[in-house]
Amino acid sequence: RHVQTETSHRVACWREIVHVASVKHKHDAKKVFDLCSTAPFQEGAMECRRHAIGVLTSSSKFNLVAVAPMCKLPQKNDPDFESDCYRRIVSSTLSTLPNDIARVESFCPTLSEPYRSSCSKQVAGFKISRQKATEISDD
């Protein structure tokens with residue numbers, strides 16, 4: 001149990017360091033991801049990068065087209081990075097600005113396949129979930 005707790009603290013440290021790193025590096029995704037890559041274990045590096053996506057998206061004031069190029073930055077030992085990146089841009093935006101679905105809907109067509117389809121499906125799923133939540137709260 002002690003080892004599990006220690007590991008989760010190490011991962012959390014690498015995840016949360018991106019808040020400071022983003023400011024220090026003036027929201028430069030490459031520099032932030034490069035810092036993440038210095039984590040001494042893969043889980044820390046991946047968690048750092050994944051959390052950085054949301055932080056960088058927020059710091060861009062949710063200018064999705066402006067932040068999308070960060071998803072193309074090559075990441076070692078992280079083959080799902082690009083798809084996860086677009087997914088996290090969308091989820092970060094919709095969780096923070098749930099009434100701004102149009103922003104994300106206009107972003108999805110700017111992506112190439114298969115990311116465009118995944119993005120559109122993610123938005124459709126969000127709309128369905130939101131509709132169901134509205135129906136439940138109306139009861």
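Let's start with D34, which is partly exposed at a relative accessible area of 38%. Keep in mind that this is a predicted model. D34 forms a salt bridge with K30, and the closest N and O atoms of the two are 2.8 Å apart. Both residues belong to helix α2, where they are four residues apart, about one turn of the helix. K30 also counts as partly exposed, with 46% relative accessibility. While you're looking at K30, check its backbone nitrogen: at the start of α2, a side-chain oxygen of D28 reaches to within 3.0 Å of it.

Now for the buried residues of the same helix. Helix α2 covers residues 29–36, and A29, V32, F33 and C36 are buried there. Why do these four end up on the same side of α2? They cover an arc of only 95 degrees around the axis, which puts them on one and the same side of the helix.

F33 is a good one to follow next, since it leads us to the aromatic pairs. There are two aromatic pairs in the count. In one of them, the ring centres of F33 and F81 are 5.3 Å apart and the planes stand at 80 degrees, so this pair is edge-to-face. The pair links distant parts of the chain, with F33 in helix α2 and F81 in helix α5 (residues 81–96), 48 residues apart. Both F33 and F81 are buried.

The other pair is Y86 with Y115: their ring centres lie 5.0 Å apart and their planes are at 55 degrees, so the pair is tilted. Planes have to be over 60 degrees apart to count as edge-to-face. Y86 lies in helix α5 and Y115 in helix α7 (residues 115–138), so this pair ties together parts that are 29 residues apart in sequence. Y86 and Y115 are both buried.

One more ring deserves a look, this time with a charge for company. The charged end of R10 sits over the ring of F41, at 4.1 Å from its centre.

Back to the salt bridges, then. Side chains of opposite charge can pair when their charged atoms come close. How many salt bridges does the count come to? The total is eleven salt bridges, the D34 and K30 pair being one of the salt bridges.

Helix α5 holds another example. D84 forms a salt bridge with R87, with the closest N and O atoms 3.3 Å apart. D84 and R87 both sit in α5, three residues apart, which is about one turn of the helix. Are the two partners buried or exposed? D84 is buried, with a relative accessible area of 17%, a value that falls under the 20% limit. R87, on the other hand, counts as partly exposed at 38% relative accessibility.

Elsewhere, K127 forms a salt bridge with E105, the closest N and O atoms being 2.6 Å apart. This pair links distant parts of the chain: K127 is in helix α7 and E105 in helix α6 (residues 101–107), 22 residues apart. K127 is partly exposed, with a relative accessible area of 38%, and E105 is partly exposed too, at 35%.

Finally, return to D84 and R87 and trace outwards from them. Salt bridges that share partners join these two with R49, R50 and D78 into one network.

Conventions. Residues are numbered from 1 along each chain as its sequence is written. This is a predicted model: local features need pLDDT of at least 70, side-chain atom pairs count only at pLDDT 80 or more; totals for chains, interfaces and linings use all residues. Side-chain values use heavy atoms; hydrogens and water are left out. Buried means under 20% relative accessible area, exposed over 50%, partly exposed in between (1.4 Å probe, protein chains only). Helices (H or I, at least four residues) and strands (E, at least two) are DSSP runs, numbered from the N terminus. The arc is that of the directions from the helix axis to the C-beta atoms. A polar contact is a pair of N or O atoms within 3.5 Å; within protein, one must be able to donate a hydrogen and the other to accept it, and residues adjacent in sequence count only if both atoms are side-chain atoms. Rings of Phe, Tyr and Trp (its six-membered ring) pair if their centres lie within 6.5 Å; planes under 30 degrees apart count as stacked, over 60 as edge-to-face and the rest as tilted. A charge sits over a ring if NZ of Lys or CZ of Arg is within 6 Å of the ring centre and within 35 degrees of the ring normal. A salt bridge is a side-chain nitrogen of Lys or Arg within 4 Å of a carboxyl oxygen of Asp or Glu.
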